[in-house]
Every structure is written in structure tokens, then in C-alpha cells.
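The following exchange examines how certain descriptive terms are justified from computed values. Each answer sets a value against its criterion.

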Amino acid sequence: MMRVLDAIPVETRLAASPASGKDLAAFRRALLHWYDQHRRDLPWRETRDPYRIWLSEIMLQQTRVAAVLEHYRVFLERFPNVEVLAAASEDAVLAAWSGLGYYRRARMLHRCARQIAKQHGGCFPRNSEALLALPGIGRYTAAAIASIAFAEAVAVVDGNVERVLQRLIGINLTTAQTWQHAQAFLVSSRPGDFNQGMMELGATVCVPREPRCPMCPVRRWCVTRGEVPCAAPPSRQRKKEIWCALDQRDRDGNGNGEVRLLQRPRKDSLMPGMWELPQSSEPPRPLPASAHWRTFRHSITITDYTVHVLRNTPLPNAPLLDAPPAARGKWIAIDRIPQIPITGLTRKILKAGGII
């Protein structure tokens, strides 16, 4: 059965959007008033420092706010400005990033910092076009930095903004249409706050499932009132089971412990150069009952892992004792682990064991 919404021509729905009518000023006031009253208290909203805004935007890519907060604080303690970040080693940056995942972001962050320090004297370019020329900064990130730090009247579009616009207008917009409408809605006098207001609305009210329409400050302008335009179904997550070996020993008899870790090859496509616990796709056979310590759930991109952690138990397909030392792994002093880049799964396991 055709919905009433489907019977309305696309052109009519586009023309009825606030961006094309006299209600635009009222729409903007309503959104900004709501944002001023209800925005979440987040540390990167307390500053106009482009370095801190840039860092937050990179960390928040494909990562929940709750997971970013502590990493953001610790990262800034280690690298308080772009010059300090540029002067650091890549391993130091990856170590501070450990646990956030998508480590290419950290490598590009480091590369970008070095370019800003070398080519721009440690100062961020002040407009989105110049920011786009920097490594790891795309259209969204450039617009976010430029609008929030430098008040450039340029709109941002992330997943939240796209969802808000599609529901307001009632159609699945093309990428070009989405950016055009975001720019048309923008308040030039407060571009950074308006952009953050649109993102905040999508993150807290106009959520993907069960949107909180009665709480929405702009519901009077919304065509769909929460009805989601047809979209492609989300891709299905793969499931995988792995076993990890947690080998720990006392280094000198004085309680100074070590853990055996392996370093991933520098040319790996996934997490190159990161350190991790030895792992296998198969369990030892037979598996001693005393060997199994804990089971974890862990996700990397499109794969959900069930991770069984064994204590001091050799794994099948693990490097042989007569293999080169690098292949067998290395005993790493526990007090050194915070200084090396370890994978998020390894961090999760070591923290659960009270090792770090």
C-alpha cells in the first residue's frame, strides 16, 4: 500500500522544507535555542582551539562519545599541542591511541601534525579549503574545524545530520543534495553552534531507531515526524571465534612482571606494527579445563569476535620454539606496556586481568 508521504511529489517536499521558505529564521532560532539549553557537556565544546577540535573530530569518527572521553583527556596530557604531537614518534602516538581502534586515523593524525608544524609553522589553516589539503582531513572534518574554531559559514554533514535532513524533507537525498540543504539551513552568524546543534539533534533526539519526536525542537517543520525513508539494510556482521594466550612471568623475583606479546608485521593491512597477545583460530587439543581463564566479546570493523583467553597454555599454529625470536614474540615488561602500541583487544584483556 502506498503511504501518503510517497504520493507527494519530490519537488513539493523539497519546496516545503524550512530552507526554502519564510520559516527558515524560526527553524534556526528553535534549533539554536534548544542546543544552548540541552547540549551535552563535552570537553571539546569548551574550546575554540583548532587542535583540540581537530583531535576530537578524528577520535569521534566511527567511535562512540563515551569511548572517546577518557582517550581524549589522556591524549591531550601526552600531546597538549600540535608541535608536541609532531615531534613524537609514531609508536608513542599509537600507544596513546590504543583502545580506540581504526589505527590509520592515528597515523594520519601524526602525519598531519608534522605537515602543520613543518609547512604552517604550527598554526592550522583558517578555512575549510586549506584544511582539506592536509592529510587525513576530509570535507566533513575540514568544515567542522573551520566552522567551530574559525566561524567560517560552512556546513557539516555526518550521519546524524544526513538523517535529520532526510526526515525533515522526507526523501532519500543524494550526497550532493544533502550538502546543499545543510548549507542552506546554516546560520552564518553562529555556524559552529548550528552545525553542532544539527549533529546533537541527530545523536540524542532524531536517533536511528525510535526517534524522540515529542522532544524535538523542530518537529513542526518535519515532514516525516520520525518516519524513516527507505534505505538499504545495514550490512551483517561476521562472527569469528579465536583463542588468545596470556603468558605472564616474574622477571626478576621482585614482582616485576612481563607478558609475552607479538608485533604485527609493519606491512599488515590491519593494525600494522601493533603489539598483541599470541592468538589462534583453533584451541589446543586437548584443552585443559584449568587453562581457560575468561571469554570476551570484541568487534573490529565488520567482525564480531568471541575471544577465549587461556593462561600459560601453548596454542596450535603458534610459532615454534625454534622460530626466530621476532616470530615467537617477546617478553615485555608490564611497566613498559603503556609506552608501546597495543591492540584494543590486548588492552581489554590486560586491563581485565589487572595487569595494566
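Q: Which residue follows helix 14, and what is the sign of its phi?
A: In this predicted model, helix 14 is followed by G354, whose phi is positive, near 70°.

Q: Which residues of helix 14 are buried, and against what do they pack?
A: The buried residues of helix 14 (residues 344-352) are G344, L345, T346, R347, I349 and L350. Their packing partners are helix 6 (90-97), strand 1, strand 3 (257-263), strand 4 (275-276), strand 6 and strand 7.

Q: What makes strand 1 and strand 7 a pair, and in which sense do they run?
A: Pairing requires at least two bridges. Strand 1 (residues 238-246) and strand 7 (residues 303-311) are joined by 9 bridges in the parallel sense, so the criterion is met. One of the residues involved is C244, whose bridge partner in strand 7 is V309.

Q: How do you know that strand 6 and strand 7 pair, and what joins them?
A: The criterion is again at least two bridges, and 8 bridges join strand 6 (residues 292-300) to strand 7, the two running antiparallel. Within this pairing, F296 stands opposite V307. The two strands form a hairpin with 2 residues between them, and T301 in the turn has a positive phi of about 50°.

Q: Why is the pair of F27 and F185 called edge-to-face?
A: The structure as a whole contains 8 aromatic pairs. For F27 and F185, the ring centres are 5.0 Å apart and the planes are at 70°. Centres within 6.5 Å count as a pair and planes over 60 degrees apart as edge-to-face, and therefore the term applies. The pair links distant parts of the chain, with F27 in helix 2 (residues 24-38) and F185 in helix 11 (residues 175-185), 158 residues apart. Ring pairs also link F27, F185 and W221 into a cluster.

Q: Why are F27 and F185 classed as they are, buried or exposed?
A: F27 has a relative accessible area of 0%, and F185 likewise has 0%. Buried means under 20%, so both residues count as buried.

Q: What makes the pair of W293 and F296 tilted?
A: The centres of W293 and F296 lie 6.2 Å apart, with 50° between the planes. That distance is within 6.5 Å, and the angle is neither under 30 nor over 60 degrees, so the pair is tilted. F296 is buried because its 8% falls under 20%, whereas W293 is partly exposed because its 27% lies between 20% and 50%.

Q: How do you know that R294 and R311 lie over the face of W293?
A: The distance from the ring centre of W293 is 5.6 Å for R294 and 4.7 Å for R311. The distance criterion is within 6 Å, and R294 and R311 satisfy it.

Q: Why is helix 10 described as roughly perpendicular to helix 11?
A: The axes of helix 10 (residues 159-169) and helix 11 come within 10 Å and cross at roughly 85°. Angles of 65 to 115 degrees count as roughly perpendicular, so the description holds. The contact is made by E162, L165, L168 and I169 of helix 10 and by T178, H181, A182 and F185 of helix 11.

Q: Why is Q196 called buried, and which residues does Q196 touch?
A: Q196, in helix 12 (residues 191-204), has a relative accessible area of 6%, which is under 20% and therefore buried. Leaving aside residues up to four places away in sequence, Q196 touches Y35, R45 and I148.

Key. Residues numbered from 1 in each chain as written. Predicted model: local features only at pLDDT ≥ 70, side-chain atom pairs only at ≥ 80, totals over all residues. Heavy atoms only, no water. Helix = DSSP H or I, 4+ residues; strand = E, 2+ residues; numbered from the N terminus. Phe/Tyr/Trp six-rings, centres within 6.5 Å; stacked < 30°, edge-to-face > 60°. Buried < 20%, exposed > 50% of the residue type's maximum accessible area, 1.4 Å probe, protein only. Lys NZ or Arg CZ within 6 Å of the ring centre and 35° of its normal. Axes fitted to C-alpha atoms, helices over the stretch in contact; angles between N-to-C directions. Parallel < 35°, antiparallel > 145°, perpendicular 65-115°, else oblique. Contact = heavy atoms within 4.5 Å.
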